[in-house]
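Student: I would like to learn how aromatic contacts are read from a set of coordinates. Could you take me through a case?

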Amino acid sequence: MTNTDRPLAISAPEPRTLDLIFTEKARAELHAKYEIVEADPENIAGLGDEILGRARYIIGQPPLSAETLARMPALRSILNVESNLLNNMPYEVLFERGIHVVTTGQVFAEPVAEIGLGFAIALARGIVDADGAFREGNELWGGEGNANARLIAGSEIGIVGFGDLGKALRRLLSGFKARVRVFDPWLPRSILEENGVEPASLEDVLTKSDFVFVVAAVTSENKGFLGREAFASMRRGAAFILLSRADVVDFKALMAAVSSGHIVAASDVYPQEPLPPDHPVRNLKGFIRSAHRAGALDSAFKKMGDMVLEDMDLMDRVLPPMRCKRAERETVSRMRSKPVAVN
């Protein structure tokens, strides 16, 4: 099969790389089935009409103009392998032409949910502080070391957002026999109830929970919506666990709530990444820190490549993509998450 016999795919997966998201076997399959053109994401328009005219797929989410898309009559899908949907292309044009915009972000749901559960257990049982005290020779033995400890089992849990990550978290929490309330204004009550959670207002999630997990994406409506008043409304000693994006919270207000001793917290995400060496959260007692590593497992990245190959195969046969998650016309332009660099 010659290059011109194979469908053409433009590869612009930054901040990912093809080596990161494809196993050796899957990458060999990719190159065997498709003509791959590596491209600078910032200069897709400079590829020339011969390449743009034949391109069936884009792997990545480079900025695209309506003019560039007009030069791509064969384009069937943009396969976003970063996971965030950026408002950097004319989605209305893509939808009008029936071009699928899909994302592989759901591969991160289970890994992030697992670390979130780990944060909750660590905060509930004081594991990190107890380990530090032991290292310093100041450990408290037996019951003396459990003055503020509690169980997740039978507790009241709140979840803000109920997409793929929220659903994965709910599955992990099912064995704890906890009462789980969920606030998600984008979902009808029936979907929440079918997943075994109680639909609730944001106020109820914050004020009635021992543990609050924030897994909501950043949109044009919710940036910084969890601030000083939200944290003040939480139960004293409750745990606040931030797993999605830092922009949904007022981070200074979160640190102040923890510093005052009103709540404890854990976060995998921050307003600036990487954080400056002198950022005050680094030494904040009652705060567990993780360097945006919750979902960054090689197994998750490699699953991306498998999903891309499966959906490209379906679309080659004039079938809709089934493995990746499709962007929705009504919500995609409201997303405000930022991509994360991969070292």
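Tutor: We will go through the aromatic rings of this predicted model, and then turn to a charge beside a ring.

Student: How many aromatic pairs does a search of the whole structure find?

Tutor: The search of the whole structure yields six aromatic pairs. One of them joins Tyr34 and Tyr57, whose rings are 5.9 Å apart centre to centre with 80 degrees between their planes, an edge-to-face arrangement. Tyr34 belongs to the loop between helix H2 (24–33) and strand S2 (35–38), while Tyr57 belongs to strand S3 (residues 55–60), so this pair ties together parts that are 23 residues apart in sequence.

Student: Are Tyr34 and Tyr57 buried or exposed?

Tutor: Tyr34 and Tyr57 are both buried.

Student: Why is the pair of Phe251 and Phe287 called tilted?

Tutor: Planes under 30 degrees apart count as stacked and those over 60 as edge-to-face, with the rest called tilted; the planes of Phe251 and Phe287 are at 55 degrees, with the ring centres 6.1 Å apart, so the pair is tilted. Since Phe251 lies in helix H12 (residues 251–259) and Phe287 in strand S12 (residues 287–289), the pair ties together parts that are 36 residues apart in sequence. Phe251 counts as buried at 5% relative accessibility, and Phe287 counts as buried at 3%.

Student: Which residues form one aromatic cluster with Phe251?

Tutor: Tyr270 and Phe287 form one aromatic cluster with Phe251.

Student: Where does the charged end of Arg150 sit?

Tutor: The charged end of Arg150 is placed over the ring of Phe211, at 4.9 Å from the ring centre.

Definitions and conventions:
Residues numbered from 1 in each chain as written. Predicted model: local features only at pLDDT ≥ 70, side-chain atom pairs only at ≥ 80, totals over all residues. Heavy atoms only, no water. Phe/Tyr/Trp six-rings, centres within 6.5 Å; stacked < 30°, edge-to-face > 60°. Helix = DSSP H or I, 4+ residues; strand = E, 2+ residues; numbered from the N terminus. Buried < 20%, exposed > 50% of the residue type's maximum accessible area, 1.4 Å probe, protein only. Lys NZ or Arg CZ within 6 Å of the ring centre and 35° of its normal.
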